[in-house]
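Student: I have a structure here that I don't know yet, and I'd like to go through it piece by piece. Could you help me with that?
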Amino acid sequence: MEYVDITADDTKEIILMATNACNLKCKYCYETNKNAPSMYLDRLMTQLEYEIRDNSTGFKRFVINFHGGEPFLAFEKIKSLVEWIKLRFSDLNITFTTTTNGTVLSNEIKEWLLDHKNEFIPILSLDGNKDIHDRNRGNSFDKIDRKFFSDNWPNQGIKMTVSPNTIGDMFNSFVYLHNIGFYPNPTLAREVDWDLDIHLPIYVEELKKLSRFYIEHPKVKPGQLLDLPLHKFSPEYVSKHFNSCGAGFNTIAFDIFGNRYPCQTFIADLKKGYDMSEMDRIFSILKKNHNLNVSPKCEDCSIINWCSPCYGINYSNRGNMGEFDSTMCVFNKVTLLCAAQMFSEIYSNLEKYPWINKEPSELFHSIKGIKHIFELANQSLL
Ligand code: SF4
Ligand code: SF4
C-alpha cells in the first residue's frame with residue numbers, strides 16, 4: 001500500500017521583527033543588533049498589503065509572528081499594527097503570536113493581552129526552574145509572572161531551550177514546567193559549543209527519561225522533540241517534499257525596516273544593510289529547491305525524509321544554506337532512534353493513548369517506518 005503525503009499546507013506565517021533590542025543576554029542567543037530601533041510601521045504596512053493581498057495565492061490562514069529581541073519592548077507598535085491588520089484584513093483568518101522572555105510585561109501590556117486572549121498567543125521562553133533558567137538567561141526567572149501565562153493560556157507550549165549548560169537537567173526541567181501548568185517542548189540550542197563526547201551520552205539518558213515519561217503518562221501528548229513523523233520512514237512512503245522547511249514560501253520575514261527575507265534566521269547584521277540582489281539570489285535558490293534538499297551533503301543521508309537542516313542558520317553562520325553543523329546530525333539521529341523506540345512501545349498498547357492518530361494508513365506506515373528505522377540502526381546507518 002503506497003503512502004502519499006497529502007498534507008495541505010495552507011497557512012502562511014509572516015514574521016515581523018518587532019525590535020532587535022533585548023533586555024537580556026541569554027547564553028545561546030543568536031540575535032545581533034540588540035540596541036536597534038523598532039518597526040518602521042509605514043513601510044511594513046505597505047509590505048503587508050502586498051504580501052497578504054497579492055502574494056498569498058492558495059493560503060487560507062495567516063499567522064503574524066512578532067519576533068525579537070524582546071518584542072514587548074516595542075509594545076506600542078505591536079498594538080498599533082495588530083489593530084491595523086485586524087481592520088485592514090477583517091475578511092481573512094489571521095492570528096497573532098510572539099515569543100517573549102516575559103520580563104517586561106507591564107500591567108498595561110497584560111491587560112491588552114487579556115483583551116486579545118483568543119487571537120494573540122504569547123509564547124513564553126522558560127528553560128526550567130530558577131536555577132536552570134538563570135544559568136542561561138541571566139537572573140530573569142524572578143521577573144517573570146509565570147502564573148499570568150499558565151492561568152490564561154493553560155497547557156500552552158512554551159519555548160524551552162536546552163544548552164550544553166543545562167543538558168543534564170533536560171528531563172527535570174520538563175517535569176518542573178509540566179507541573180506548573182505549561183506544555184514544555186524542549187529544543188536544542190543551535191550553533192553553541194556542543195561536544196559529542198561529553199554531551200551526547202547525557203542527551204541520550206535524558207531522552208530515555210523523557211520517552212519513559214510519555215509512555216507512562218498516556219494522556220500527555222509528546223512534544224515535537226519526540227513526536228516525529230515516523231510514517232515518513234516507511235519504505236513505501238512517497239512524498240512530494242523531503243523536509244518541512246517552509247522558508248520563502250510558507251514563511252516570510254520582514255526586518256524592522258520592512259525588508260523581505262525567507263525567514264527570520266536570514267536577517268543578518270543590520271549594520272551591513274539589506275543586500276537586495278543577494279536576497280533575490282537566495283529566494284531563487286529556495287524556489288528551485290523548494291521542498292528538496294539544498295545541501296548536497298544531505299543527499300544520501302538516511303534521515304533526509306524527516307530532517308530539516310536550517311537553511312537560515314547555515315546561511316547566517318557559514319554563508320551557505322547547505323553548510324550545516326554536522327554535530328546536530330548526530331543529535332538528530334539519536335533523537336529519531338529514541339522516538340522509534342518510544343512509539344514501538346506505545347503502539348503495542350494503542351488504546352491507552354488518546355492523542356495517537358489512529359488513521360489506518362498512517363498507523364500502518366508508522367509501524368513500517370519504525371521497523372525501517374531499527375533496520376537502519378542495525379546496519380549502523382543511523
Ligand atoms: S542529519 Fe545531517 S546530513 Fe542528514 S539530512 Fe539532516 S542535516 Fe542533512
Ligand atoms: S530556514 Fe530554519 S528557521 Fe527558517 S523556516 Fe527553515 S528550518 Fe525554519
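Student: Where is Glu 191?
Tutor: This is a predicted model, and in it Glu 191 lies in the loop between β7 and α7 (196-216). Its phi is positive, about 60°, although Glu 191 is not a glycine.

Student: Is Glu 191 exposed, buried or partly exposed?
Tutor: Glu 191 is partly exposed, with a relative accessible area of 29%.

Student: Which other residue, not a glycine, has a positive phi near 55°?
Tutor: That is Ser 380, whose phi is near 55°. Ser 380 belongs to the segment after α11 (360-378), and with a relative accessible area of 61% this serine counts as exposed.

Student: Back to β7, then. Why is it said to be largely enclosed by the rest of the structure?
Tutor: Strand β7 covers residues 183-188, and five of its six residues are buried, so the strand is largely enclosed by the rest of the structure.

Student: And how many bridges join β6 to β7?
Tutor: Six bridges join strand β6 (residues 157-162) to β7, and the two run parallel. Within that pairing, Met 160 has Pro 186 of β7 as its bridge partner. With helix α6 (residues 170-179), β6 and β7 make up a β-α-β unit, which is right-handed.

Student: New topic: what is the strand order in the open sheet of six strands?
Tutor: The order is β5-β4-β3-β2-β9-β10, and the pairing is mixed. At the edges are β5 and β10 (260-261), each of which pairs on one side only.

Student: What does β2 pair with in that sheet?
Tutor: Strand β2 (residues 11-17) pairs in the parallel sense with strand β9 (residues 251-254) over four bridges, and there Ile 15 stands opposite Ala 253 of β9. With β3, strand β2 also pairs in the parallel sense, over seven bridges, and Lys 12 has Phe 62 of β3 as its bridge partner.

Student: How many residues of β3 are buried?
Tutor: Five of the seven residues of strand β3 (residues 61-67) are buried, so β3 is largely enclosed by the rest of the structure. Six bridges join β3 to strand β4 (residues 93-100), running parallel, with Phe 66 opposite Thr 98 of β4. Between these two strands the chain passes through α2, and this β-α-β crossover is right-handed.

Student: Which residues does the cis peptide bond join?
Tutor: The cis bond joins Gly 68 and Gly 69, with omega about 20°, and Gly 69 is found in the loop between β3 and α2.

Student: Now helix α3: which of its residues are buried?
Tutor: In α3 (residues 107-115) the buried residues are Ile 109, Lys 110, Trp 112 and Leu 113. They cover an arc of only 165° around the axis, which puts them on the same side of α3. The face turned away from that buried side carries the exposed residues Asn 107, Glu 111 and Asp 115.

Student: What do the buried ones pack against?
Tutor: The buried residues of α3 pack against α2 (75-88), β5 (120-124) and α5 (146-152).

Student: Last thing, which residues surround ligand 1?
Tutor: Ligand 1 is surrounded by Cys 298, Cys 301, Ile 303, Ile 304, Cys 307, Pro 309, Phe 324 and Cys 329. By class, that shell has eight nonpolar, no polar and no charged residues.

Student: And what is around ligand 2?
Tutor: Around ligand 2 are Cys 245, Ala 247, Cys 263, Thr 265, Cys 310, Tyr 311 and Gly 312, which divide into five nonpolar, two polar and no charged residues.

Technical notes: Residues numbered from 1 in each chain as written. Chains lettered and ligands numbered in written order. Predicted model: local features only at pLDDT ≥ 70, side-chain atom pairs only at ≥ 80, totals over all residues. Heavy atoms only, no water. Buried < 20%, exposed > 50% of the residue type's maximum accessible area, 1.4 Å probe, protein only. Pairing = 2+ DSSP bridges. Right-handed = clockwise from strand over helix to strand, strands pointing away. Arc of directions from axis to C-beta. Contact = heavy atoms within 4.5 Å. Near = heavy atom within 4 Å. Nonpolar A, V, L, I, M, F, W, Y, C, P; charged D, E, K, R; others polar.
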